[in-house]
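Student: Could you walk me through the charged pairs in this model, and show me how each label is earned?
Tutor: Happy to; let's look at it together.

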Amino acid sequence: MELCIEEEDGPPQFVAFLFDGRGNPLDPSSATLRVVLDRFAGRQDVIAFHPEASHLRGAGEVREPHSFTVRIALERDGGLQEWTHRQE
């Protein structure tokens, strides 16, 4: 999975691209993605995603500052994968 913040045509939003183990693109409607942003002072932003063309798009703006710990949960084919990443 590739997760990035897109800022070109409006407010910053998360966009996710899904791939299989060989790097081939997957249908975005084949998975459920949820992202939680842990911010300073204990604030959390929960972002749900919806399929859009060849990717998943986060619902809502990723507000500044873009410094947070991101927790990612991807459900696909009955399995759950989770990652954590610190964005500074």
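Student: What makes R57 and E52 a salt bridge?
Tutor: This is a predicted model, and in it the closest N and O atoms of R57 and E52 are 2.7 Å apart. The cut-off is within 4 Å, so the pair counts as a salt bridge.

Student: Why is R57 called buried?
Tutor: Its relative accessibility is 12%. Buried means under 20%, so R57 gets that label.

Student: And why is E52 called partly exposed?
Tutor: E52 has a relative accessible area of 30%. That value lies between the 20% limit for buried and the 50% limit for exposed, so E52 is partly exposed.

Student: How do you know that R76 and D77 form a salt bridge?
Tutor: Their closest N and O atoms are 3.0 Å apart, and the limit is within 4 Å, so the pair qualifies. As for accessibility, D77 is at 66%, over the 50% cut-off, and therefore exposed. R76, at 29%, falls in between the two cut-offs and is therefore partly exposed.

Student: Which residues are joined into one network by salt bridges that share partners?
Tutor: E6, E52 and R57 are joined that way.

Student: What about D45 and R39: are they buried or exposed?
Tutor: Both D45 and R39 are buried. Their side chains meet in a salt bridge, at 2.6 Å from N to O.

Student: How many salt bridges does a search of the whole structure find?
Tutor: Eight, including the ones between D45 and R39, R57 and E52, and R76 and D77.

Key
Residues numbered from 1 in each chain as written. Predicted model: local features only at pLDDT ≥ 70, side-chain atom pairs only at ≥ 80, totals over all residues. Heavy atoms only, no water. Buried < 20%, exposed > 50% of the residue type's maximum accessible area, 1.4 Å probe, protein only.
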